[in-house]
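I opened this notebook to keep a record of what I looked up, one topic at a time. I wanted each entry to stand on its own.

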Amino acid sequence: MARIGVKKTYKLFINGEFPRTESGRSYPVVGKGGVLLANACRGSRKDLRNAVQAARKAVAAWSGKTAYNRGQILYRIAEVCESRAGELAEELRRQGSSAADARKEIERVIDRWLYYAGWSDKYPQVFGSVNPVAGPYYNFTVPEPTGVAGIIAPEEPALLGLVSRIAPAIVGGNTVVAVTSESRPLAAITLGEVFETSDVPAGVVNLISGLKSELVPWLAAHMDVNAIDATGVTPDKLADVQKAAAENVKRYVHFDGDEIGWTDDRLSQSPYAIFEFQEMKTVWHPMGM
Amino acid sequence: MLWEYSPSPEATDHVRIASRYNLFIGGKFVEPHSKKWFETINPATEATLAEMAEADAEDVDRAVREARRAYEKVWKKFAPSERAKYIFRIARLIQEKSRALAVVETMNGGKPIKESRDIDIPLAAAHFFYYAGWADKLEYAFPNRNVSSIGVAGQIIPWNFPLLMAAWKIAPALAAGNTVVLKPAETTPLTSMMLAEIMMEADLPPGVVNIITGAGATGAALVSHEDVDKIAFTGSTEVGKKIQRALSGTDTKLTLELGGKAPNIVFEDAPIDQAVEGIINGIYFNQGHVCCAGSRLFVQESIIEPVIRKLRERISTLRVGNPLDKNTDVGAINSRAQLEKIQELVDSGVEEGAEMFQSSCSLPAKGFWFAPTFFTGVSQSNRIAQEEIFGPVLSVLTFRTPEEAIEKANNTPYGLSAGVWTEKGSRILKMAQKLRAGVIWANTYNKFDPASPFGGYKESGFGREGGLHGLAPYVKLS
């Protein structure tokens, strides 16, 4: 008799752990020909709240790490993605990509982690400055992380889109609560396992699957989220997200993947994507004897 | 004790203020479509200075259309180095007319002449001079990107630093190749009108800068105008949120410079006399009408007694009165409405049980005045420790450890600025890192410079003004 395989339960990724959703509900993820691939967690407001709490708690330690250290952790993510490339590609394929496209997407995902890993100890030199003020003062400006970023991943490319938005946020010391692709969440959830085994501290990245119509309004309005990346929000809902973001003057970020494309390496990955999740701090001190 | 000084009033006879100002649209002054004018006064005397046009939606539309025409047909096509020359000219003209500008600024806004003369006006000129130089160097500010202008910028500025805020807004916008519709605050429009005259004298092409006066409704019409590509607002957090909401669903770029409730933290090893001067400058500069004012003083417990004693002595020597007098330290409150707001919050402080100390200085009979005030025994939850007062009122709190100071200092939705006083260098750097604010003044306070980026964290807004970073809100990168 043929061996029966052990099927994976796709869960959430919150605070470095893999809980099932508090809602106790799931939604079907279907592949080609309407085949049921999995029952993904239908994340709830409570899950989001837990994720934001975990993300907030993680900010101090993550942003306090040395840039070199954060760079090495992102590099480690690339390594683990490389070693699990087959599994991630297979998930993309089951979700509807051709084998060749799935392979290409994974390669790009790995390279994108590597790209941002290398920026960790360089973007502050690109965006920081020493300012020649007209007086006896030493004056400099440094970028600092905004804090907790809410990120809505695009539906497609499900994994590359998510990684392209998370990587610039976390390399800059932010922590993230991300809502994954609703229709293709599988590889995104597996990415949580990559984080868990890459020395990414608990809470730095939190991944919530579910219905965007339920999750996005809450994430956009959450008073302890500092920035909202609405890349994966459909155009008809962008105004609602922006309106909710105004409640606590959130930084609003949006990458137009449909227009620019996710494979233009000059525009879909750049230090300017890091800059969008940074605050500029200027420090003055008198000079004297 | 307070030494008697003889009166030393700045002359006003060289200043010409028209009885009525129209809207500056398309390079000339035009009557408002609204056919309405409102009075602008001197808050120190309540005397009327001039009548200002009230721009309605039609007027706003006219200004935006002129700005659009000037952008497409003229300004965008200029070589950047030629744009720079106009901006340099504006800087020079401000310097040439600096005294008249300072006097009008003081008459219209109530701030001491020594501040408008030595800070507001020179900094405004410096700001234009600084950004003029950027106009043909933008590609050096944004590596590996093509830089282009955005289009028409709508800019709304507050009444606390009228000409300086106009400079902060207009200079980077022009340098990056945009055209402007600027709305000054309704209580302090006069130096903006003088700036309009300077634009004419500089031969700036008509429509590149348009200046329209009015109150909140005028600003709202500018924000909601469909042909404005970028809004820059400086003002209250409450209005900032409204603007952010109003722009939801549009592609209009936005920067906000909003309120603050800045901590000014004094450690026991700080040079106390210098720190006290910094505290005074932090909160009583410009009558406390400063978004980055050091309005929450945190003193390490071990030195609370001498600090309070010195503070009490020092505020008693502040000269409050005629803003045009060159010896005046604290001038008039900007408006009756602002005075009422300050009074209401101060009353709440007394009601909530904080102990008030007020300078016993005499106040003029006419005009809007508030004696320099501080509260001790303030707790974190008191309204005077949480809400922006925007007046000469300081709340004093204490702390024991640096960690406690950081915790308390960051415990507000705001994050514009912060002050730290200590002799220990490593502590300065750590505090500067831990305080969630856009500007940190260490062993100094309320310093500004065109080369130095300014702007907030959290609900104090987003975007920076000043420095290389101040260009970013006015460019498109591709």
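**Entry 1: where the two chains meet**

I looked up the interface first and found that about 3200 Å² is buried between chain B and chain A, with carbon and sulfur atoms giving 53% of that area. I kept in mind that this is a predicted model. The contact draws 45 residues from chain B and 38 residues from chain A.

I then asked how many residue pairs are in polar contact across the interface of chain B and chain A. The rule finds 28 such pairs, both residues being at pLDDT 80 or more. On the side of chain B that touches chain A, the elements giving two or more residues are α8 (237-246), α14 (425-434), β18 (439-442) and β19 (461-462) of chain B. Of these, α14(B) provides the largest share, five residues. Sorted by kind, the residues on that side of chain B are 20 nonpolar, 15 polar and 10 charged.

I also looked for salt bridges between chain B and chain A, and the count is three. I noted the one in which the side chains of B:Arg436 and A:Glu144 meet, at 3.8 Å from N to O.

**Entry 2: a helix of chain B**

I checked the length of helix α2 (residues 80-96) of chain B, which has 17 residues and should span 24 Å at 1.5 Å a residue; the C-alpha atoms at its ends are 25 Å apart, so the two values agree. Which residues of α2(B) are buried? I listed B:Arg83, B:Ala84, B:Tyr86, B:Ile87, B:Ile90, B:Ala91, B:Leu93 and B:Ile94. These buried residues pack against four helices of chain B, namely α3 (98-109), α4 (113-134), α5 (162-175) and α6 (190-201).

**Entry 3: three buried residues**

I found A:Ser270 in the loop between α10 (257-260) and α11 (271-275) of chain A. Its relative accessibility is 5%, so A:Ser270 counts as buried. Leaving out residues up to four places away in sequence, A:Ser270 touches A:Tyr115, A:Tyr116 and B:Arg145.

I turned next to B:Thr328, in the loop between α10 (304-316) and α11 (336-351) of chain B. Is B:Thr328 buried or exposed? At 4% relative accessibility, and with buried meaning under 20%, B:Thr328 counts as buried. The C-alpha atoms of B:Thr328 and B:Pro112 are separated by 5.9 Å, although the two residues are 216 residues apart along the chain. I also noted that a polar atom of the side chain of B:Thr328 lies 2.6 Å from the backbone oxygen of B:Asn322.

The third was A:Val179, in strand β6 (residues 175-179) of chain A, and with 0% relative accessibility A:Val179 counts as buried. Not counting residues up to four places away in sequence, A:Val179 touches several residues, including A:Ile151, A:Ile208 and A:Leu219.

**Entry 4: backbone details**

I looked up a cis peptide bond, which joins A:Glu156 and A:Pro157 with omega at about -10°. A:Pro157 has its place in the loop between β5 (148-152) and α6 (158-171) of chain A.

I then noted a phi near 65° for A:Asp199, a positive value in a residue other than glycine. A:Asp199 lies in the loop between α7 (186-196) and β7 (205-208) of chain A, and counts as exposed at 57% relative accessibility. B:Glu46 also has a phi near 65°, and I found B:Glu46 in the loop between β4 (37-41) and β5 (48-53) of chain B, where it counts as partly exposed at 28% relative accessibility.

**Entry 5: salt bridges within a chain**

Side chains of opposite charge can pair when their charged atoms come close. Over all chains, the count comes to 50 salt bridges.

I looked at A:Arg76 and A:Glu79, whose side chains meet in a salt bridge at 3.0 Å, N to O. These two are three residues apart in helix α2 (residues 67-83) of chain A, and therefore separated by about one helical turn.

I then looked at A:Glu279 and A:Arg251, which form a salt bridge with their closest N and O atoms 2.6 Å apart. This pair links distant parts of the chain, with A:Glu279 in strand β10 (residues 278-286) and A:Arg251 in strand β9 (residues 251-253) of chain A, 28 residues apart. A:Glu279 counts as buried at 4% relative accessibility, and A:Arg251 is buried with a relative accessible area of 8%.

Key
Residues numbered from 1 in each chain as written. Chains lettered and ligands numbered in written order. Predicted model: local features only at pLDDT ≥ 70, side-chain atom pairs only at ≥ 80, totals over all residues. Heavy atoms only, no water. Expected span 1.5 Å × (residues − 1). Buried < 20%, exposed > 50% of the residue type's maximum accessible area, 1.4 Å probe, protein only. Contact = heavy atoms within 4.5 Å. Buried area = accessible area lost by both parts, 1.4 Å probe. Salt bridge = Lys/Arg side-chain N within 4 Å of Asp/Glu carboxyl O. Polar contact = N/O pair within 3.5 Å; in protein donor to acceptor, adjacent residues only side chain to side chain. Nonpolar A, V, L, I, M, F, W, Y, C, P; charged D, E, K, R; others polar.
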